[in-house]
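I opened the notebook with a cup of coffee and a simple plan. I wanted to see how the chains meet, and how far to trust what I saw.

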Amino acid sequence: MDITRFIPTNRKLLLVGLLILIIFLTTFPLYSKEYYIRLMAIIFMYIVLAVSWAMFSGPTGYMSLAPAAFFGVGVYTAALLYQLKGPLLPLPAVIVVGSLASFMLAFLTGLVTLRLKGIYFAIFTFGLVVFLKELINYLEITVSKVGGRHISYVSNTTVFYILLGICVATLLTAYFIRRSRLGLAMQSIGGNEEAAAHMGVNTTRVKILTFAISAVFMGAAGATTAPRLVYVDPGLAFNVTYSFIPILMAVFGGMGTLYGPVIGAAVFAYTEIRLRQQYPYYYMLTWGIILIIIIFFLPAGLAGLIPKLRDRLGGPISKLWKGGKAEEHAHT
Amino acid sequence: MTETILKIVVSGLLNGGIYALIAMGLSLQYGVAKVLNIAHGEFIMLGALITWTLYTGFGINPLLSLAISGPLLFVIGFVLHRTLFTSLKNRSPSPAALEGNSLLVAFGLMFIIQNIAILRWSALGKSYKYLDTVVWVAGTAFRVNRLVALAVAVGVGVTFYLFLTRSRPGKAIRAAAQDPGTAGLMGININRVLPLCFGLGAFLAGLAGLLISMCYTGSTPFMGLSNTVIALIVVVLGGLGSIPGSFIGGLILGLIGSIVSNWDTALVLVAFYAIFMILLLIRPVGIFGKK
Amino acid sequence: MHILEGHGVTKLFGGLAAVSNVDFHVDQGEIVGQIGPNGAGKTTLFNLISAALPFSSGEIRFKGQKLNGLKPNQICQKGVARTFQQTKIFADMPVFQNVLVGAMFGTPTRISAADANREASQKLEFVGLSAMSATLVKDLTLVNQKRVEVARALATKPELLLLDELMAGLNPAEVSEAMELVRKIRDEGITIFMVEHVMKAIMGICGRVMVLHHGEKIAEGTPQEISCNKQVIEIYLGEEAHAGS
């Protein structure tokens, strides 16, 4: 598809803005304190998790509760291949292996469950985290005779750049899928799966493919984050909280849009790094309440507020959004 | 040899009975109230920890404490459904959206309840001893508490099973599970039955938690998750929406778990999940499910 | 060769036969109607043709090829499209997008985005909805939502179109418009098989009608023949006819 065909001048403005942002981010570590480099890296990680979750569950409506499983696979791949006592592969290779492993897991999960009703998918993905934790725990204790593993050191700056790269890749993939045949197919599945099938959409194939693609980024993020955890055991790697957080961020920010999960991720990452250390339980408790409030009163998330703001502000800002949206509908 | 078999069977029935209670509770909530309550395990956890508090703090006998914890959890469940999930039903544009939304709300609840529990009870394991004496049956040693728990679990389970299949209100509940619309037309007050069943499910979870705390040590605020996963597997095994199926499925899985546990305890959940995967491949509707 | 034919088609739900041993055929270029009281099995028959439901026994052939065991998306790509009794539109998507889905995925070979866009525009114009391209379908009136469903089905380039109670819920003026649309579709060379309760439509546009009752085909013929058939009259008027006599 010809990209330049549907970029009007307002969009070109956005692209310039994005370019400036990319330049800013790429040079960020050169003039910032370690604390902020770490914060940005965490924000990137959360953006990856939130956007990749929303990539599949957003349009199709199939709630995947498995992000923790794919993230954990990435983490544990690093734990196995990038150990403190001697990495078996260079870090980029480890990340690729972690991504592939997540892809395979998601693909298999999809094969088993996505040909069935959505509820089976939700149940299976929910239990997957616990299953993997128990399985790997068993294998580690009985076969490898270890309780946990230490991971080799990687600097904050390296992690920053790798996560930035993964983040950009995730956002680009999400963006292009939305505008592609695959994106249209997914939306039709979310709209009415039976009708979609009757219009020629191979629904099972579409679902499995997108689900597996979304898992790739979660695995990559896991493998990249693992070195910062230093010590990893199956319980730490496969933690259901890592399923909760991406969903929370995406719903909070607005899972119908591309930028919604990004906003949600940024807000969550920032508040986490400030509050979670001191008040871990009140922190998660509050977010649980926020999630429920959002589902009831703001189902389209923060991003859902934008059209309402747009109507009130009018003027150039509204033209910026309206111009973009009309184009989006006419060209797919 | 007979000793081992007897131990396996008793253990299997005990766990199975507990699984049956948990799964029937979940099945009530999903089948009738149409909420896949992934926070179900947290109610089990509350049952266990409340029982611990009542026994170690106030000296109330665990079996009697059910009179407090049971209604308490029932009310919590009832209110939660009345406020949250009924409201969701009215706001959701389609059954698929309702399912997705209530799943997310339940997920949120799971974290809310868990974190409240950590704040109240801390993350450390809680245990107590009650009816810990040993009896000898057929040359095998059993603890009294386990036998009592088995009796209670299976007793309540069977009673509930009979209630559902033989009594009029029970049949009404099953009718509401199969077809809420028509059931409503037949004079069943859906607005009351749905939260009632949800509350009942919470009650059963609480009872299961009570029994678990009686027989096993180390109840923590984190014990809910694996119990929820087991409950989900049992519900699918028995057939989504079939409450009697959950009873049978629970017993079956309990026995299988006991056999696997005899070989290696750490493999139990793995084995359950493997069974789950095979089930999804060959007969997803479960034992009593309709195609 | 009939474009669509079924032999011994049966669908059982537990012990109940929703469709029982039905033989039927549709020839190229025809407009064939299916009538019968509610629960007669008409929509079930459509569901068997489009593979929304699996068979219990019997077979259905499209252009000589067996449809048994195929999935809905495969059947669509072979050239059978349908609309639904309860409109299954993509509510939160714009009208254009709805039809685009049909255009993009309904053909057996991959179609370019440009061609799909063109096809969708054409079909929207055909049903008269071009002005509403960008409107979300959930904001449309029922009759326009049905138009979207028809356009979407047509975008899949079918040779056979199954219309399931297209006229349901439409006022008399809308029914006439819909009848015109159906004729226009037939003039494009598409064969039509329709389930209807609105007798005006059946009498007005169908060349042949079959009557289902309790899952069995009890009569078949031209609209005139059917309207004179004693059994058919009895089923529809039931006790009234007896009470009158």
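Here are my entries, in the order in which I looked things up.

**Ground rules.** I noted that this is a predicted model, in which local features need pLDDT of at least 70 and side-chain atom pairs count only at pLDDT 80 or more, while totals for chains, interfaces and linings use all residues. Residues are numbered from 1 along each chain as its sequence is written, and chains are lettered from A and ligands numbered from 1 in the order in which they are written.

**Confidence.** I began with the overall scores, which are ipTM 0.91 and pTM 0.90. I then went through pLDDT, the predictor's confidence in each residue, from 0 to 100. Chain A has a mean of 87, with 90% of its residues at 70 or more. Chain B averages 89, and 99% of its residues reach 70 or more. Chain C averages 90, with 96% of its residues scoring at least 70.

Where should I be careful? In chain A, residues 321–332 stay under 50 in pLDDT, and the model has 17 contacts beyond four places in sequence for them. I count two residues as in contact if their C-beta atoms, placed from the backbone, lie within 7 Å. In chain C, residues 239–245 also stay under 50, with two such contacts. I reminded myself that where pLDDT is low, the predicted coordinates should not be read in detail.

Within chain B, I found the lowest confidence in helix α7 (residues 180–185), at a mean of 72, and the highest in α9(B), at 95. Helices here are DSSP runs (H or I, at least four residues; strands are E, at least two), numbered from the N terminus.

**Domains.** Chain A is split into domain 1 (20–300) and domain 2 (305–332), with bounds from an automatic or database domain assignment. I noted 30 Å between the centres of these two domains of chain A, taken over C-alpha atoms.

**Which chains touch?** Two pairs of chains touch, and chains A and B have the most contacts. Chains B and C share no contact; their closest C-alpha atoms lie 10 Å apart.

**Chain B against chain A.** I found 33 residues of chain B in contact with 33 residues of chain A. On the chain B side, α4, α9 (224–238) and α11 (268–282) each give two or more residues, and α4(B) has the largest share, 15 residues. That side has 26 nonpolar, six polar and one charged residues. (Ala, Val, Leu, Ile, Met, Phe, Trp, Tyr, Cys and Pro count as nonpolar, Asp, Glu, Lys and Arg as charged, and the others, Gly among them, as polar.)

I then followed α4(B) across to its partner. Helix α13 of chain A (residues 280–297) and α4 of chain B (residues 95–121) have axes that come within 8 Å and cross at roughly 155°. That makes the two helices, α13(A) and α4(B), roughly antiparallel (over 145 degrees; under 35 is roughly parallel, 65 to 115 roughly perpendicular and the rest oblique). Among the residues in this contact are A:Tyr281, A:Met284 and A:Gly288 of α13(A), and B:Asn101, B:Gly108 and B:Phe111 of α4(B). By class, I noted 14 nonpolar, four polar and no charged residues in the contact of α13(A) with α4(B).

**Inside chain B.** Next came α9(B) and α11(B), which pack at about 30° with axes 10 Å apart. B:Ser226, B:Ile230, B:Ile233, B:Val236 and B:Leu237 of α9(B) meet B:Leu269, B:Phe272, B:Phe276 and B:Leu279 of α11(B). This contact of α9(B) with α11(B) has eight nonpolar, one polar and no charged residues.

**Chain A against chain C.** Here 19 residues of chain A are in contact with 27 residues of chain C. On the chain A side, α7 (181–191) and α8 (193–198) each supply at least two residues, and α7(A) gives the largest share, six residues. I sorted that side into eight nonpolar, nine polar and two charged residues.

**What does α7(A) pack on within its own chain?** I looked at α9(A) (residues 203–229), whose axis comes within 10 Å of that of α7(A), crossing at roughly 115°. The two helices, α7(A) and α9(A), are therefore roughly perpendicular to each other. A:Leu182, A:Ala185, A:Met186 and A:Ile189 of α7(A) make the contact with A:Thr203, A:Val206, A:Lys207 and A:Thr210 of α9(A).

Definitions and conventions
Axes fitted to C-alpha atoms, helices over the stretch in contact; angles between N-to-C directions.
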